Amino acid sequence: MALLTAPAPAPVAEAGVLKKRRKLHDDLTGHGFLIGAVICFAVFMWYPMIRGLVMSFQRTRRGVTTWVGWDNYVRIIDDPSFWIAWRNTFTFTGLALVLGFALPFVVAIVLNEFRHAKGYLRILVYLPVMLPPASALYLFKFYAYDPSEAGLFNALLTAVGLPTSEWMQSPAMTMPAMVIASTWMNMGGAVLIYLAALQNIPGELYEAAELDGAGILKRIWHVTVPQTRLILALLAMMQIVATMQLFIEPLILANGAGTQDSATSVAYLIYQHGFFQNDLNGAAALGVIMLVVLAAFSAIYLRLSTRGDS
Amino acid sequence: MSVPQYRKVAALALVAGLGLSLTACSTKSDDGGTDAAGKVTITVDCQPVAAQKELLDNWNADVAEFQKQNPDIVIKSISVGQQCNNPPDFTARLAGGTTTDVFYGYMTDLQQVLDSGQAMDITSYVSKDTVATWDSVDPALKEVFTDGGKLYGVPVKNYSMGLVYNKTLFRKAGLDVDNPPKTWPEVRAAAKKISATDKSVAGYAEYSAGNTGGWHFTSLLYSQGGRVLSEDGKKAAFNTAEGKQVLQNLKDMRYGDDSMGSRQLLQWGDLLTNAAAGKVGMFIGAPDTTQAIVSQFKGRFEDWAVAPLPGQTDLAKTTLGGGEGYFFKKDLTKEQVEAGLKWIAYQKLTPGKGQFDYVRAKPQNYPVGLPQPLLFAPGSEAQKQEVELRKANANVPIENFQLFEDKQLPIVGEPRDAQAIYAILDSAMSGVLTDPNANIDTLLKTAEEKVDQLLAAGS
Amino acid sequence: MSRTLVSSTQLRRGRVLYWGLLTLVVVVFTLVFLGPLYWMVTGALKSGQEIAQTPPTLFPKDPQFGNYADAWNQLDLAKLLFNTVYYAAGAVLFQLVLDTSAAYALSKLRPAFGNAILGAMLATLLIPAMVLIVPQYQTVIDLPVLNLSLIDSPFAIWLPMVANAFNIFLLKRFFDSIPDEIMAAAFVDGASPLRTLWSIILPMSRPILGVVSIFAVTAVWKDFLWPLLVMPHPETRTISVGIYAFAAGTPQNVVVAASVIAALPTVIIFLIFQRNIMSGLTTGSLKG
């Protein structure tokens, strides 16, 4: 056992050969525990990573696979939907950051201040997470976003005298509408994590800030935010990666592409190429492009967030 | 640590690995299909789903009867959903090699099936001896399942598009139910009247999502005499005066007259739900959509009638036809292919049996009398028998379909790569139906560009 | 209770404001989070005509309970729910066994190349699922070496879920916090690594095991595209995919009725165990 040999003094009498053999044996034991997970990683993660890259330079037709160089990439980028899909995806990610990332934080701060009804409110916020995603989205599609006056949102808007919207049928509203639905069904998790983070903030910090004459907003800015900074950064990153993979919302709310590609996301485009247009190689190429974009994005994000530290 | 301990871990890993391979094996199709007792087993898909209760009962009864007549054949029915060929699922089954031995497909699927390498050449198996009515089957339909002189599938159903209209709403709007619109301008005028009578009703409804928009664009284009692809199938051919006219007609109805309702982005079930709820005056479809409206969406049969497809100045120049058939999976044994053919011949191609068992269907909540499936060539022996049986057992007012049946328009099949092209054309349809400022030229140009690209990539 | 953003004295001074705000938040939250659920339950009871009515009705005028019966029978919801539970249970089991032992090896046994392996695992965290969906699908269709297809087999869901670097990382971090001395003592007593894992490490790790289990269940519950692709057969579908596939050819109110029924079991389980789930999620994920 590495554990035993390293810190604990080894018996002086033990010969070098024996020690080596024992080390080998311990390694084997360790790998025995690892093997199951390693096989799963190898088969379902590491191998597909390489295979995806390889596939993106190949083309399979009638069971025959040939190397085609950059053809798949050229075809994917030439697709008029390609740039629209990226624009849509970034729009969704941006809106989701404002709504899906900031809103849970505000909700958590408010909930954390209440001395009553806390459990009830927490359950409420988390309830939508329990619905199967398809169920929650059909709820929005059929009732909330019905473009006629019979729709729930339109009825509410009419009731307060605001103009109605065609929601998923209106290219301008497609993305906001999807963000609203997505936030509603997913924010519970983020609220809970923030709540836990807030509870770990030492009360003395607020005390001290208050003595310095800081108002509520100032206290949030100077105590709450810095104290939860790590978790905020982590969740922001996770949120961005998750929203970049936008798929089920356009599929169900907009029957796929929406109106004139207003709902097409990059993930949906991958699905469309792979499973509607029978072009798995093109889909693999688009996957590689997505990876490159996300990697570039993560690099910038890391650079920015570390610079902020120094 | 002791050696036995290490063994335990290894054994654990092994068990995990074994469990994997064992269960994985069990998901593969059984064996050669023939067991020790000489019984041949074949799997067949497109068994009706539970929602189509009577159809399912009929299917199961057919299987039981067939197995009684052929004690050495076992039919395993698989249901793959209400829509037997939902394109992504179908693609997944082809790619994954999980199709049944005898599997359902659209007429437009031949290229994709061949691409996947899953289909078997059944030319040498199919003849009058294996399928008694084979010589009566419309040669045009056989052609659809033929590639390079080889037959890959057996057609079992065929349809062509017409104008489906709601007689009750027609009467309410003061329109003549026996004289439905013959041209698109007449459709527009009628739709306007229907919507004016009841604001919540769409005078004319149209698809624009889930590939059905592209499918209907194609039908509308055919009615104008246009084509989706060029003669050689290498270029898009819909960015023409005919294509523009199609979108212009829709735009005029949607935004000029507001006679298409406010709910758009409809796909198959959405439109039929609305139709069944009495909220759709007219739409284009095959006669059997009325059947779906009644049996799945709880509509009423007496409301619906079908007329020939309208055209711009007279009836449609051509109408879209399509249909279904069964393919045979590669690597089946001779016995399995023969058993499969026998089953299809029995259930799908014999007047008086299976899908043509009109005596059984008559008392069911399932229409008999529709001018469908148009499987047998006009004038052939089987066709005469089928028509006779159908007329004798009709349980729906045949006159509702008389106009359609009397005027058979020339049928044009679907383009190659149909589903992929339909997905692209959805966008043009949704554009014109949801954006009052949509530019028809741009919509068609974008779609043309995408289709050209798709075709270039495929060849 | 320790103080938070607003101090208790401040609260006492602004009592009216506090209660006013609390009432407002409770009302708004109830409307926002329960309102849609009410709409869903009652909407499924409305007829097709009533749904299209302007303005929408608050109570169904002529409740159509048949919609719920239709949904249950036609969709075979029992089967779909069973499938989903089965996949979730298997995912938990596989993750608990394989990921826990892997994290244990990486944290305590530290075999040669352990860090390299951990690094290769963590690298997959940077790769979003969507990027790998096509090659993963190709892999599942035709497993390398074995040439097996896992399509329609539950292993197509269970095994890829084991390759979850985040959970291994959580578990390893937790095991790291268990002092090595405890292990050393056990070894001196002659306990094997497996025995140590089973009777010393695991009992101490209940909270993190709970978190990993909850994550596994939620992942199966929420996943959509993967089961859509690898479970194409109606008999093997998950609840979410089943409802989606069903929606294409079914009246709206029946689809909604199916959605309601599908949501019931989890909502009930959640309400019963909410205290455990909530505390498990919050403490566990923070420590991780």
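In chain A of this predicted model, the centres of domain 1 and domain 2, taken over C-alpha atoms, are separated by 41 Å. Chain C has two domains as well, and the table sets out both chains. The domain bounds come from an automatic or database domain assignment.

| Chain | Domain 1 | Domain 2 | Separation of centres (C-alpha atoms) |
|---|---|---|---|
| A | residues 2-55 | residues 74-309 | 41 Å |
| C | residues 8-64 | residues 76-248 | 39 Å |

Residues are numbered from 1 along each chain as its sequence is written, while chains are lettered from A and ligands numbered from 1 in the order in which they are written. Local features need pLDDT of at least 70 and side-chain atom pairs count only at pLDDT 80 or more, but totals for chains, interfaces and linings use all residues.

Now let's look at where chains A and B meet. Chain A brings 33 residues to this contact and chain B brings 36 residues; two residues are in contact if their C-beta atoms, placed from the backbone, lie within 7 Å. On the side of chain A that touches chain B, helix 2 (16-55) gives the most, with seven residues. Helices here are DSSP runs (H or I, at least four residues), numbered from the N terminus.

Next comes the largest nonpolar core, with 297 residues. Such a core is a set of buried Ala, Val, Leu, Ile, Met, Phe, Trp, Tyr and Cys residues joined through C-beta atoms within 7 Å, where buried means that 20 or more other C-beta atoms lie within 10 Å of the residue's own. Helix 8 (residues 171-199) of chain A supplies the largest share, 18 residues. Ala91(C) is among the four members that touch the most others, and its contacts include Trp158(C) and Val220(C).

Conventions: Helix = DSSP H or I, 4+ residues; strand = E, 2+ residues; numbered from the N terminus. Buried ≥ 20, exposed ≤ 12 C-beta atoms within 10 Å, placed from the backbone. Lists of a residue's contacts leave out its neighbours within four places in sequence.
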